[in-house]
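Dear colleague,

I am handing over the structure we spoke about, and what was found in it is written out underneath. Please read the text with the coordinates open beside you.

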Amino acid sequence: MEDTNMQIIDMDMTGDFSGGNPLVQQAMIPGGAEQGMMQIYLRVRPFTKEELSCNENQDCVVIEDDQTVTLSAPKGSATMKSSEKGIGLSIHKFSFSKVFGPQTTQVDLFEDTVRSQVFDFLEGKNALIFSYGVTNAGKTFTIQGTPKDPGILPRVLDATFHCIGGHQYKEMDLKPYLRNGAQFLDPDQVKQERTVKATILASVKEECDRQRRGSSDNDPSLSSFSSSSSLPGFLSSPAEATGDQFALWVAFFEIYNECVYDLLQPSLSKKRSSLRVCDDGAGNAYVKDLRWINIQNLGEANKLVQFGNKNRSAAATKMNHSSSRSHSIFTMKLLKIEGQTVKVISEFSLCDLAGSERCNKTKTFGERLKEAGNINNSLLILGKCINALRNSQVDGKSSHIPFRESKLTKLFQAFFCGKGRASMIVNINQCASTYDETLHVMKFSAVAKQVVQVIPDRCHAPCLVGRDGKPLLMNGTVDSQLDESYLPDENLLDEEDEADMTMLPQNELLDIIDNLRTRLLAERRKNLVQEVEIRKEMGDAMLQQILESEELRLRQIEELKESYAEKLEDTFEMFKDAIKEHAYQCAMNDLEDNYVPLDEFTEEQEKAESLKRKVSELENLLSGTNRVAPLQTVEKGCQTEPFTDVEADDRYMRLYKEKCVLERMCEDKQELILSLEKRLIDLSQTLEDIRVGFLEKSADLEALQKKADEQTASTGDAVRLNAEKDREIASLKTQIEKFSQKSPVQPKPKKGFLANIKEAVTSPRKGASSRSLRKTPRTPRS
């Protein structure tokens, strides 16, 4: 039985396994240790004006009493759709250590949740408080608050300084080392620590410090919080009875995209250097090279918090204009010092977890999407660890707890495994649009509430090391036994090192391997399902983004059409105005050109009227003269020779006929002139056509002449070429004749082509006919 207990203890020290069995925990921890369920508190955020205007208040969260809350699924949520299909319930009830409604103040929250843990911290015990919830649920407000309404962190600092005031260790030669050790610093190191502290404090503006001090002085909540009347449990300081002194060191860091960054380290470049999470060899994880600052008062602490928040990673999403994109952890270590010896080191950590979120609701893409994935993954591993703790305690069997899968859970491991007390503040909102995420958070808190914590009743004295990291005794000498068992800094295990499992028996190793194999297969199936869900969610989010971009593009096109129509209408109006202006200007110019003074116009008008009168008088006179003339001639004729009326009428008719004849002749002449003019125009047109045709024919003739010249030139070239060929043929003939004379063979007579063919065809027949057919004589038979 003792061997089994020792093996379980060894597994706990490696950090890979946790003693989930309560009986085993009783064997591991001395008698008198406290056991109890993890404290889980719920805080409900009130509605904002925008949420009320968007109809988010649908009574999804109902507070039954100070420990019970009921959640009712709204219409349209995934939970309601599942319940309508017969899968799951639409109403869920959860219980907590205490429920804080929307009207809860920061003072009430501190008094009911953190006050007792601050007292334990001053007594030498470790404590962890972390906020959990979806994004935009009020986690950062709960931890840090505002200058006018401070949260848990400034109130813890204020309460700590209120209790250790007057008993602070003024020197800075004792500093926290690794997870549970202390280091003695020489004067040079102390000077370096003071310089680093002064540099950080000087970087914070003095006016901001004055505003913070003024707000803390004028804020009634802080003043009442700092008064001794509001802290009856802290009236007797722990140092008053023993005369001990206290040194408070703080560190502030964040876990962003699974990388640890020091928020108290001023970054000289855009790319920050990440820190390693190491193991001190005793199962305790710590952040290597993390900067610890000694603080003496609340003002210095507020400056450090302000400096760290300035370096913290935050970004705007659709659900929160200033969303925390990392897990920030503010850690305080209180060294209880007696003389030059550190008696007890206690640790108090406040963690502001980043909110879990759905990408399709927060509209996160690119870098924000990567951050959300890492946040959700670390929170998922935290849930797996708590679930594994609960299952191991219920089953009574030690099982693998995946603390090493995430830096967050690795740093929390000591608090979950009996080396401190962990409490969780669950923050939720009452919005109907985030009901499904809120329900997931509540289910996680229900599992965490069933985890049993074992807190030791006493603390062991920490190990004191020197400048070189070697353990020291109270008198400053090196202890050889401690030196052999203590790992130096370069041999510390980091997060990727594997634990030594050779001390376990073979059968237990086989059981562990089978268990791990089973869990690995289950984990792979779960990861596959989760990957499918994430891919579907990513696809839906991308489709939604495409639809929104398409809708935006259509709206932009419509706006462009409207703007172009307005511009066209404005241009048309501008042209109309320009035409009107041009017409008016032309009219004014014509008016100026044809302008006649009134006097001249009047005179011309009078002249025109006088001329008209004269014309009319002349016409009247002319008509009267024509009528009077015959009469006068008649009268004259009567005086000389009498004429009869018949003769006068005949004469008048004769004159009238002559006049008509003359008019017809004039009309004929006019028509002749018109016809001649028309013929003249036709002749001119014909002459123009003839001229154009002549020009075209002339151009064609010139082209033909050029072509003929070219053909003549080519013909001359061909004649010359033929002459050259003839000369070549004659020379070849002479050469052939010379060769024929030299050759002894007589040439065959030339035959025509038909003669050669005839000879070729008839030659076989002639050969056949020339043959004589002989008949062989037959010999008589005997």
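A good place to begin is L335 which, once its neighbours within four places in sequence are set aside, is in contact with L174, K175, P176, A182, Q245, F246, A247, W249, V342, V344 and I345. Please keep in mind throughout that this is a predicted model.

L335 also belongs to the largest nonpolar core, which has 73 residues, and together with L42, F130, F412 and F416 it touches the most other members of that core. Helix 15, spanning residues 367-395, gives this core its largest share, namely 8 residues. Apart from this core lies another one, made of 41 residues, including I129, I295, A301 and I425.

As for the chain in general, it contains 22 helices and 25 strands, and of its 782 residues 36% count as buried. Among the contacts in the chain with a separation of 6 or more, 74% are accounted for by residues 24 or more positions apart. The chain exposes about 49000 Å², of which carbon and sulfur atoms supply 56%.

On the surface, M574, F575 and I579 make a nonpolar patch of about 350 Å², and F575 has its place in helix 19, which covers residues 506-593.

The cysteines can be dealt with briefly, since a search of the whole structure finds 0 disulfides. C431 is in no disulfide, and the nearest cysteine sulfur, which belongs to C60, is 8.7 Å away, whereas a pair would have to lie within 2.5 Å to be counted. C431 has a relative accessible area of 6% and is therefore buried, and C351 likewise counts as buried because its relative accessibility is 0%; the cut-off for that term is under 20%.

Two backbone angles may also deserve a look when you go through the loops. E258, although it is not a glycine, has a positive phi of about 60°, and it lies in the loop between strand 11 (245-256) and strand 12 (259-262). D289, also a residue other than glycine, has a positive phi near 65°, and its place is in the loop between strand 14 (285-287) and strand 15 (293-295). Is D289 buried or exposed? With a relative accessibility of 63%, D289 counts as exposed, because that term applies over 50%.

With best regards

Terms used:
Residues are numbered from 1 along each chain as its sequence is written. This is a predicted model: local features need pLDDT of at least 70, side-chain atom pairs count only at pLDDT 80 or more; totals for chains, interfaces and linings use all residues. Side-chain values use heavy atoms; hydrogens and water are left out. Patches are made of residues with over 30% relative accessible area and no salt bridge: like charges are joined within 9 Å, nonpolar side chains (Val, Leu, Ile, Met, Phe, Trp, Tyr) within 5 Å. Accessible areas come from the Shrake-Rupley method with a 1.4 Å probe; for residues, only the protein chains shown count as cover. A salt bridge is a side-chain nitrogen of Lys or Arg within 4 Å of a carboxyl oxygen of Asp or Glu. Helices (H or I, at least four residues) and strands (E, at least two) are DSSP runs, numbered from the N terminus. A nonpolar core is a set of buried Ala, Val, Leu, Ile, Met, Phe, Trp, Tyr and Cys residues joined through side-chain atoms within 4.5 Å. Buried means under 20% relative accessible area, exposed over 50%, partly exposed in between (1.4 Å probe, protein chains only). Contact means heavy atoms within 4.5 Å.
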